[in-house]
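Thank you all for making time this morning. I would like to walk through one chain with you, going from the strands to the helices and then to a few single residues, so please have the sequence and the model open as I speak.

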Amino acid sequence: MIKVLKKIAFLYVIKQLIVTFIESLQYAKKGGLRKAYHWFFVRNCVSIFGNGARYSSKKISNLTLQIRDDGFMELNKLSEKTVKNLVDYFLASQQQKYDDLKSFFDKHRVENYVRSEEVDVCLNNELCNSILKELNILPVVSEFLGLSEKEISIFAKIDALFKINGERNLRHGYDDALEFHRDIDSYRFVKAFSYLVDIEKGSGEHEVCIRSHKSLPLKLRLIKRYKYSTLKENLPHFELKSIFGKAGYSWIEDTTSFHRGTIPKMGDRLMLSLSFNDKKTADFMYDAGYYPLSKFKSNISI
Ligand SMILES: [Fe+2]
């Protein structure tokens, strides 16, 4: 029986190789040969063998021990002032003018999309510098990825999850990452998140399966969405952590662990997401939104 299941999982790997090859061909046709190669390499290598950061040969210390072991580690909180500045920046970036977050949430929830459009925070140097300084995240990211800051790119966005009342709409058929999945963003990468409003049970809390970035059976390594019951039955160690916290609460996560956002039932969510990626592969894979981390280094003392 186990032999048969292994054979089936192997066939799914072959299917993934074919699908990603076809996706790569689309990039190659548009002239992006390097993008095509990196897409195929990263999607398959990271999904099957895990985050390239795990294979970094550079020295590691206690600073990154927890994120390496658990896939999750708390960070310093963002200050009230920075949270307020981020909320103001988010509202000011909308096409329409809003006096406060409540009017933004109320206006958009009736559209029945759960996730909002995202706002690029990297366009505001001052805000980005404050975030990196308050989280004191750069030494952790650098050690975890085994890369110097010159070799890392950053992506930073704010988006919202709405508590909708009607039938849910999907934007371009996308599920808004509200099913369990593993991110496959670049060869080496890590993410950090900060809540920008208080998050209690039912307000779109983020969930992560602790330690699920390691020792996965082959059938859970494929690029797809997974059900709670599938993970519970098949993960060698199933420990689901629901993350709650006041505005400013922050953490870093190896998002090759299974994770998801949840559909808000009680209140709305506003969250900052930071993504740190190796420039070597990310520069070829993404056309916009990723910036050299060194761009934000000038005012930061670490
Ligand atoms: Fe994700």
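Before I turn to the strands, one term has to be fixed: I call a residue buried if 20 or more other C-beta atoms lie within 10 Å of its own, exposed if 12 or fewer do, and partly exposed in between, with the C-beta atoms placed from the backbone. By that count strand β9, residues 269-278, is mostly covered, since eight of its ten residues are buried. Please also keep in mind throughout that what we are looking at is a predicted model.

Let me stay with β9 for a moment and ask which strands pair with β9. Strand β3, residues 152-161, pairs with β9 in the antiparallel sense over ten bridges, and within that pairing I154 stands opposite F276 of β9. Strand β4, residues 189-195, is likewise antiparallel to β9, here over seven bridges, and in this case F193 has S273 of β9 as its bridge partner.

There is also an open sheet of three strands, in the order β6-β5-β8, with antiparallel pairing. Strands β6, at 240-243, and β8, at 259-261, stand at the edges and have a single partner strand each, so one side of each is left without a neighbour in the sheet. From one strand to the next, the twist of this sheet averages 15°. If you look at the pairing of β5, residues 206-209, with β8, you will find three bridges between these antiparallel strands, and E207 stands opposite R260 in β8.

Now to the helices, where I would start with a general remark: two packed helices are described by the angle between their axes and the distance between the axes. For helix α4, residues 80-92, and helix α6, residues 125-135, the angle is about 145° and the axes are 11 Å apart, and the crossing of α4 and α6 is left-handed. On the α4 side the contact is made by T82, N85, L86 and Y89, and on the α6 side by L127, S130, I131 and E134. Sorted by class, the residues of this contact are four nonpolar, three polar and one charged. It may help to recall that an α-helix has 3.6 residues a turn, so residues three or four places apart point the same way.

Helix α6 has further partners besides, and its buried residues are L127, C128, S130, I131, L132 and L135. These buried residues pack against α4, α7, β3, β4 and β7. In helix α7, which covers residues 138-145, the buried residues are V140, V141, S142, F144 and L145, and they pack against α3, β3, β4, β7 and β9. After α7 comes G146, with a positive phi near 70°.

That brings me to the backbone, where the background is that most residues other than glycine have a negative phi. N136, which lies in the loop between α6 and α7, is not a glycine and yet has a positive phi of about 50°. Is N136 buried or exposed? With 12 other C-beta atoms within 10 Å, N136 is exposed. D176, in the loop between β3 and β4, is another residue other than glycine with a positive phi, in this case near 65°, but with 17 C-beta neighbours inside 10 Å D176 counts as partly exposed.

One more residue deserves a look, namely S250 in strand β7, which counts as buried because 20 C-beta neighbours lie inside 10 Å. Setting aside neighbours within four places in sequence, S250 is in contact with L75, N76, K77, L78, L135, A192, F193 and S194.

Finally, let me step back to the chain as a whole, whose secondary structure comes to nine helices and ten strands. A compact globule of 302 residues would have a radius of gyration near 19 Å, and the chain, at 19 Å, agrees with that. Along its principal axes, the C-alpha trace spans about 60 × 45 × 45 Å. Of the 302 residues, 35% are buried. Among contacts between residues at least 6 apart in sequence, 88% join residues at least 24 apart.

Methods
Residues are numbered from 1 along each chain as its sequence is written. This is a predicted model: local features need pLDDT of at least 70, side-chain atom pairs count only at pLDDT 80 or more; totals for chains, interfaces and linings use all residues. Axes are lines fitted to C-alpha atoms, for helices over the stretch in contact, and angles run from 0 to 180 degrees between N-to-C directions. Helices (H or I, at least four residues) and strands (E, at least two) are DSSP runs, numbered from the N terminus. A crossing is left-handed if the near helix is turned anticlockwise from the far one by less than a right angle, and right-handed if clockwise. Two residues are in contact if their C-beta atoms, placed from the backbone, lie within 7 Å. Ala, Val, Leu, Ile, Met, Phe, Trp, Tyr, Cys and Pro count as nonpolar, Asp, Glu, Lys and Arg as charged, and the others, Gly among them, as polar. Two strands pair if DSSP finds at least two bridges between them. The radius of gyration is taken over C-alpha atoms; the globule rule is 2.2 Å times the number of residues to the power 0.38.
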